Amino acid sequence: MEKTCIDVLPLTMNSSEKQEVVCIFGTGDFGRSLGLKMLQCGYSIVFGSRNPQKNNLLPNGAEVLSYSEAAKKSDIIIIAIHREHYDFLTELTEVLNGKILVDISNNLKINQYPESNAEYLAQLVPGAHVVKAFNTISAWALQSGALDASRQAILKKENPFSTSSAWLSDSYVALGILGFFLFVLLGITSLPSVSNAVNWREFRFVQSKLGYLTLILCTAHTLVYGGKKFLSPSNLRWYLPAAYVLGLIIPCTMLVIKFVLIMPCVDNTLTRIRQGWERNSKH
C-alpha cells in the first residue's frame, strides 16, 4: 500500500535554526495528529512503527521507520501506544537508555491497574526518563485547532446574589403560598355545610372581597414567575406565547374591569341604581 501524505504548512519558517527531531511511537489517530501539529511548529518528526511500509495518512515531511531505527534519531520519544502494547519496549532497553519517554496514555477505568501507566513504563525501561504529557488533549482537538467548536465561551448569567433576583424569587414563593391559602379558603366556604352556617354578609365578603384578593395574588404570582420574559417581543417572534401568559388573559381582563367598576364615579352610580334610583326622563 502506498503511503498517503498530508501537506503541511509550517507555522515557523526559520531556516537558520536547526530543526529538532522528535520521535513518535505509534501511527494512530493521536500520533498522526500530534505529528502534524509539531511539523507545523517547525519540528522534524520521525514515526516509529512495527510496519513502516503499511502506514498511510501520515503528514508530508514525516519519516517512518522501525521502532529501533526511529529511536536512534531522537532523544525525545512520545509513546502514542496503548499500555497493552508496551511489552516491545523491553527489547529496546539499550536504545532507549538515557532518552526522554513521554507517556500520553489514559486508562479506561479508574484504578484499572495497580500502578499508573507512567510508573509501568518506567519499570519496563528503567534507564529512560519518563514524563507525562498530552493526556488531556484529544486527537480531534489537535486536528481542528482554532476551528473546533468546543471552545469555552463567556456565559452571561445573573449574579446568584443579585438583590433583584432574590426579591423576585421570594415574592414568587410568598404570593403563591398566600394565593393558594385563600383559594382553599374559598373552596371550603363554598361547601353547603359551611355556607349555611354563615350569614349573607359574611358569605358575600368571602366570595367577593377575598375572591378578588385571591385572583390578584394568583395573577401576581404568575406575573412574577415570568419576570422579565413576560410579554417580551423577542420571545414571541417565532412561536406562540407560553401557556402561563395565555392563562393570564381572562384574570387580567377581569381585574381591569373590576378596577374600572370600583372607581368613585362609576361605583356611586351603580350603588344608586342598586338602591332603586332611576334617571328622570325628559318628554
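This is a tour of a predicted model, one selection at a time.

**The whole chain**

Start with the protein chain in a cartoon view, where eleven helices and eight strands can be found. The chain has 283 residues, and buried residues make up 30% of them. Switch to a surface view: the accessible surface comes to about 20200 Å², and carbon and sulfur atoms hold 60% of that area. Among contacts in the chain with a separation of 6 or more, 63% are between residues 24 or more positions apart.

**Helix H1**

Select residues 29-40, which form helix H1. The helix has twelve residues, and the distance from its first C-alpha to its last is 17 Å, close to the 16 Å expected at 1.5 Å a residue. Is H1 largely enclosed by the rest of the structure, or largely open? Ten of its twelve residues are buried, so H1 is largely enclosed.

Show the side chains of those buried residues: Phe-30, Gly-31, Arg-32, Ser-33, Leu-34, Gly-35, Leu-36, Met-38, Leu-39 and Gln-40. Next, find what they pack against. The list holds strand E2 (21-25), strand E3 (44-48), strand E4 (58-59), strand E6 (76-79) and helix H5. Then step just past the end of H1 to Gly-42, where phi is positive, at about 100 degrees.

**Leu-65 in strand E5**

Move on to residues 63-65, which are strand E5, and pick out Leu-65. Leu-65 has a relative accessible area of 14%, and because buried means under 20%, this residue counts as buried. Which residues is Leu-65 in contact with, leaving aside its neighbours within four places in sequence? They are Val-46, Phe-47, Gly-48, Ser-49, Pro-52, Ala-70 and Lys-73.

Now draw a distance between the C-alpha atoms of Leu-65 and Phe-25. These residues lie 40 residues apart along the chain, and their C-alpha atoms are separated by 9.8 Å.

**Strands E6, E7 and E8**

Select strands E6 and E7, which run parallel and are joined by four bridges. One pair to mark is Ile-78 with its bridge partner Val-102 in E7.

Keep E7 (residues 100-103) and add strand E8 (residues 129-132). These two strands also run parallel, with four bridges between them. Here Leu-101 stands opposite Val-130 in E8.

Add helix H4, residues 117-124, to the selection. E7, H4 and E8 together make a β-α-β unit, and the unit is right-handed.

**Two loops**

Follow the chain from E7 towards H4 and stop at Asn-111 in the loop between them. Asn-111 is not a glycine, yet its phi is positive, at about 55 degrees. Is Asn-111 buried or exposed? Its relative accessible area is 71%, which makes Asn-111 exposed.

Next, go to the loop between E8 and helix H5 (139-144), and select Phe-134. Phe-134 also has a positive phi without being a glycine, in this case about 65 degrees. With a relative accessible area of 31%, Phe-134 is partly exposed.

Stay in the loop between E8 and H5 and select Ser-138. Its relative accessibility is 37%, so Ser-138 counts as partly exposed. Draw one more distance, from the C-alpha of Ser-138 to the C-alpha of Asp-29. The two residues are 109 residues apart along the chain, while the C-alpha atoms are separated by 9.3 Å.

**Helix H8**

Finish with residues 200-226, helix H8. What span should its 27 residues have at 1.5 Å a residue? The expected value is 39 Å, and the end C-alpha atoms are 38 Å apart, which agrees.

Look along the helix for a bend. At Leu-210, H8 bends by about 30 degrees. Leu-210 is also one of the buried residues of H8. The others to show are Val-206, Ser-208, Gly-211, Thr-214, Leu-217, Thr-219, Thr-222, Val-224 and Gly-226.

While these residues are displayed, turn the view to look down the helix. An α-helix has 3.6 residues a turn, so residues three or four places apart point the same way.

Key: Residues numbered from 1 in each chain as written. Predicted model: local features only at pLDDT ≥ 70, side-chain atom pairs only at ≥ 80, totals over all residues. Heavy atoms only, no water. Buried < 20%, exposed > 50% of the residue type's maximum accessible area, 1.4 Å probe, protein only. Contact = heavy atoms within 4.5 Å. Areas by Shrake-Rupley, 256 points an atom, 1.4 Å probe, with all protein chains shown as cover. Pairing = 2+ DSSP bridges. Right-handed = clockwise from strand over helix to strand, strands pointing away. Expected span 1.5 Å × (residues − 1). Bend = angle between axes of the 7 residues up to and from the residue.
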